[in-house]
Amino acid sequence: MSDQPTITGSCLCQQIRYELTGDPQIRLLCHCDNCRKATGSSFMANAVYQKNQFRIVSGEELLKTYQDNNNSSGNVLSRAFCSNCSSSLFITNSLNKGMLVVTSGTMDLGQAEWVPQVEVFCKSRREWLPPVEGTTTCNEVEIFR
Ligand SMILES: [Zn+2]
Ligand SMILES: [Zn+2]
């Protein structure tokens, strides 16, 4: 397919491992309430890929999925996580079945390697948190359409 670099990733307990091939469509921060609940943190930092760029290498049997149908985007998000260590791994979307949103925190990356391009649900952004320089900020979720 391509000779682009492959990113590897894993959950915290490292039983679930995955690989990504090629570049993401976009790298984003999401400030919505559901992403905060799902991460237990202040926002989510994810990259959007096509499903065929993603492959589970090990631990697939430990994956569990939470059907998040009470979110501001108005469709069903399947939030996949490790049932052993609870790491949030990826999100799929009922409206765009070819799309896969992968959590950047589970990627094995160098310190400077991952920079967000877009921020979404900025009206829910924590007040202490300024916009990231160089990102395009928006409140709409056209990215998920
Ligand atoms: Zn795990
Ligand atoms: Zn969100």
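The exercises below, each with a worked solution, concern a predicted model of one protein chain.

**Exercise 1. Describe the overall make-up of the protein chain and say how compact it is.**

Begin with the secondary structure, which comes to one helix and 11 strands. Read from the N terminus, the elements follow the order β-β-β-α-β-β-β-β-β-β-β-β. The radius of gyration is 15 Å, close to the 15 Å that the globule rule gives for 145 residues, and the chain is therefore as compact as a globular protein of that length. As a next step, take the extent of the C-alpha trace, which spans about 40 × 30 × 30 Å along its principal axes. Finally, consider the interior: buried residues make up 31% of the 145 residues, and among the contacts with a separation of 6 or more, 52% are between residues 24 or more positions apart.

**Exercise 2. Decide how much confidence the prediction carries, and where it is lowest and highest.**

The mean pLDDT of the protein chain is 90, and 90% of its residues reach 70 or more. Going element by element, confidence is lowest in β11, with a mean of 84, and highest in β9, at 97. As a general caution, predicted coordinates should not be read in detail where pLDDT is low.

**Exercise 3. Trace the open sheet from one edge to the other and work out which strands have a side without a neighbour.**

First write down the order of the eight strands, β6-β7-β8-β9-β4-β3-β10-β11, in which the pairing is mixed. The edges are held by β6 (63-68) and β11, and because each has a single partner strand, one side of each is left without a neighbour in the sheet.

Next, follow the pairings through the middle of that order. Strand β8 is joined to β9 by three bridges and runs antiparallel to it, with T92 having L100 in β9 as its bridge partner. Five bridges then join β4 to β9 (residues 99-103), again antiparallel, and here V48 is partnered by V101. On the β3 side, five bridges join β3 (residues 26-30) to β4, also antiparallel, and I26 has V48 as its bridge partner. The residue V48 thus appears in both of these steps, with I26 as a partner in one and V101 as a partner in the other.

**Exercise 4. Compare the burial of strands β4 and β5.**

For β4 (residues 44-50), six of the seven residues are buried, so the strand is largely enclosed by the rest of the structure. For β5 (residues 54-58), the count of buried residues among its five residues is zero, and the strand is hardly covered. Strand β5 nevertheless has a pairing, since four bridges join it to β2 (residues 17-21) in an antiparallel arrangement, in which Y18 has I56 as its bridge partner.

**Exercise 5. Identify the residues with the most contacts inside the largest nonpolar core, and the elements that contribute to this core.**

The largest nonpolar core has 29 residues, and those with the most contacts inside it are C30, M44, L89, F90 and V102. Two or more residues each come from β2, β3, α1 (33-39), β4, β7, β8 and β9. Of these, β4 gives the most, with five residues. To see one of the core residues in its surroundings, take M44, which touches L29, C30, C35, A38, T39 and T103 when residues up to four places away in sequence are left out.

**Exercise 6. Are S86, F121 and Q111 buried or exposed, and in which loops do they lie?**

S86 lies in the loop between β7 (77-82) and β8 (88-93), and it counts as exposed because it has 12 C-beta neighbours inside 10 Å, the cut-off for exposure being 12 or fewer. Its phi is positive, about 75 degrees, although S86 is not a glycine.

F121 is placed in the loop between β10 (118-120) and β11 (136-137). With 25 C-beta neighbours inside 10 Å, F121 counts as buried, and it too is a residue other than glycine with a positive phi, near 55 degrees.

Q111 belongs to the loop between β9 and β10, and with 5 other C-beta atoms within 10 Å it is exposed. As a last step, relate Q111 to K64: the two are 47 residues apart in sequence and 29 Å apart in space, C-alpha to C-alpha.

How values were computed
Residues are numbered from 1 along each chain as its sequence is written. Chains are lettered from A and ligands numbered from 1 in the order in which they are written. This is a predicted model: local features need pLDDT of at least 70, side-chain atom pairs count only at pLDDT 80 or more; totals for chains, interfaces and linings use all residues. A residue is buried if 20 or more other C-beta atoms lie within 10 Å of its own, exposed if 12 or fewer, and partly exposed in between; C-beta atoms are placed from the backbone. Two strands pair if DSSP finds at least two bridges between them. pLDDT is the predictor's confidence in each residue, from 0 to 100. A nonpolar core is a set of buried Ala, Val, Leu, Ile, Met, Phe, Trp, Tyr and Cys residues joined through C-beta atoms within 7 Å. Two residues are in contact if their C-beta atoms, placed from the backbone, lie within 7 Å. The radius of gyration is taken over C-alpha atoms; the globule rule is 2.2 Å times the number of residues to the power 0.38.
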